[in-house]
Amino acid sequence: MRIEQELKLGFKDVLFRPKRSTLKSRSQVDLSREFTFKHSGEKWSGVPVIAANMDSVGSFEMAKALSEHQVLTAVHKHYSVAQWQTFVAGASEKELSNVMVSSGTSDADFEKTQQILAMSQHLMFICIDIANGYSEHLVEFVGKVRTAFPNKVIIAGNVVTGDMVEELILAGADIVKVGIGPGSVCTTRVKTGVGYPQLSAIIECADAAHGLGGRIIGDGGCSCAGDVAKAFGGGADFVMLGGMLAGHEESGGEVIEKDGKQFMKFYGMSSQSAMDKHSGGVAKYRAAEGKTVLLPYRGSVHDTISDILGGVRSTCTYVGAAKLKELTKRTTFIRVQEQENNVFG
Ligand code: 5GP
């Protein structure tokens, strides 16, 4: 047994140190980025925020809505090929280029992904994620997908350490998804005792990925716009959001009335709810590692995403970053023991 003594940090452990700036207004801040990806050579430009590939977040409706903000959606893997056909037929080129096709790592997943990608050349992202990205099987699968799709942008995860980021990039991933345990409806840390504070994971994994010309997605754990900014400040090229985009008209969940108020169900993809829905229950050998919550229904996602992006723009003005790309360079985090004033709840 070994203990690493260095303290690892989460979003709640830091704040940005303000810096002198010549920016007059947040309207001067440009949140879009352009990437050319390592293996595929594909280019993408837009605002590098991604709706998570969860049942009640990464829906087709969400993809349409967020694309208006140049934001990406990782569409969850539970749509049928026929549902994809209908979506692709009605979607614009821009909408399709802001969509990620999610895939598990089975042969059936591979075949389904092939069928979906064949529908349009504008579908350029494949998101291959499993809860434990340390599995050798994931590395092999990424290699297989890279061979089959040399020109598509491959995302693989989830991992939290530099060694595994490097391995996935060398196996063919353009982007590595980072995060084990920070999610709003995730119970991995309590069920298994495994995890890594998300800000440190981002900082360390970004360093490893950038050294090889790869990119990372900070996935999970953002509970407010400030956290999204901290993820970018720590070096995340993209930030993926589940809970912050759940509970909306476009999230694809069912609206439930309770005591005259409206709610929407939101659950982890390894929760009992998800496994009951998609796999006929929790298999005997495993435990659910996700929770189910009822969120107050929040209406359309447009206001929420504008609010999140407005927050990140404002962060940029406080530290003098005219472009999102400059945020990491302009970031000095200070360690803190308090975040907000809770006098009024
Ligand atoms: P959030 O933005 O809600 O904090 O985190 C979203 C992320 O949580 C997802 O992108 C995914 O990586 C992770 N996640 C989703 N469902 C589950 C689950 O059931 N269990 C665990 N451990 N993580 C989950």
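These legends go with a set of close-up views of a predicted model.

**View 1. Strand β10 and its two partners.**
Here we're looking at β10, which covers residues 238–241. Its side chains alternate: F238 and M240 point one way, V239 and L241 point the other way, and all are buried. Strand β3 (residues 43–51) pairs with β10 in the parallel sense, over three bridges, and I50 stands opposite M240 of β10. Strand β9 (residues 215–219) also runs parallel to β10, joined to it by three bridges. In that pairing, G218 is what stands opposite V239. Helix α9 (residues 225–233) completes the picture: β9, α9 and β10 make up a right-handed β-α-β unit.

**View 2. Helix α9 against helix α11.**
Stay with α9, but turn your attention to its packing on α11, which spans residues 301–319. The two axes are 8 Å apart, and the helices pack at an angle of about 55 degrees. That angle makes α9 oblique to α11, and the crossing is right-handed. Who's touching whom? On the α9 side you'll find A225, V228, A229 and F232, and they meet D307, I308, G311, V312 and T315 of α11.

**View 3. Helices α1 and α2.**
How do α1 (residues 60–67) and α2 (residues 81–90) sit relative to each other? Their axes come within 11 Å and cross at roughly 20 degrees. Angles under 35 degrees count as roughly parallel, so α1 is described as roughly parallel to α2. The crossing is right-handed. F60, A63 and K64 make the contact from α1, with Q83, W84, F87 and G90 doing the job from α2.

**View 4. Helices α6 and α8.**
This view pairs α6 (residues 162–171) with α8 (residues 198–211). Their axes come within 8 Å and cross at roughly 35 degrees, and this crossing is right-handed. From α6, the residues to pick out are G162, V165, E166 and I169. They meet C205, A208 and A209 in α8.

**View 5. V178 in strand β8.**
V178 is found in β8, residues 175–178. Buried or exposed? V178 is buried, with a relative accessible area of 0%. Leaving out residues up to four places away in sequence, V178 touches N158, V159 and V160, along with a group made of Q198, A201, I202 and C205. The rest of its list is I216, I217, G218 and D219. If you'd like a distance to check, the C-alpha atoms of V178 and G133 are separated by 9.3 Å, with these positions 45 residues apart along the chain.

**View 6. The open sheet β11-β12-β13 and helix α10.**
Three strands form an open sheet in the order β11-β12-β13, with antiparallel pairing. β11 (255–258) and β13 (292–296) are at the edges with a single partner strand each, so one side of each is left without a neighbour in the sheet. From one strand to the next, the twist averages 40 degrees. Zoom in on β11 and β12 (residues 261–267), and you'll see four bridges in the antiparallel sense; one to look for pairs E257 with Q262 of β12. Then there's helix α10 (residues 272–279), whose buried residues are S273, A274 and M275. Those buried residues pack against β12 and β13. Right after α10 comes G280, with a positive phi near 65 degrees.

**View 7. Two threonines, T105 and T192.**
T105 lies in the loop between β5 (99–103) and α4 (107–117). Its relative accessibility is 13%, and the cut-off for buried is under 20%, so T105 counts as buried. Setting aside neighbours within four places in sequence, T105 is in contact with I128, I130, H137, L138 and F141. T192, on the other hand, is found in helix α7 (residues 188–192). T192 is partly exposed, with a relative accessible area of 38%. What separates the C-alpha atoms of T192 and E289? The gap is 8.6 Å, for two residues that are 97 residues apart along the chain.

Notes
Residues numbered from 1 in each chain as written. Predicted model: local features only at pLDDT ≥ 70, side-chain atom pairs only at ≥ 80, totals over all residues. Heavy atoms only, no water. Buried < 20%, exposed > 50% of the residue type's maximum accessible area, 1.4 Å probe, protein only. Pairing = 2+ DSSP bridges. Right-handed = clockwise from strand over helix to strand, strands pointing away. Axes fitted to C-alpha atoms, helices over the stretch in contact; angles between N-to-C directions. Parallel < 35°, antiparallel > 145°, perpendicular 65-115°, else oblique. Left-handed = near helix turned anticlockwise from the far one by under 90°. Contact = heavy atoms within 4.5 Å.
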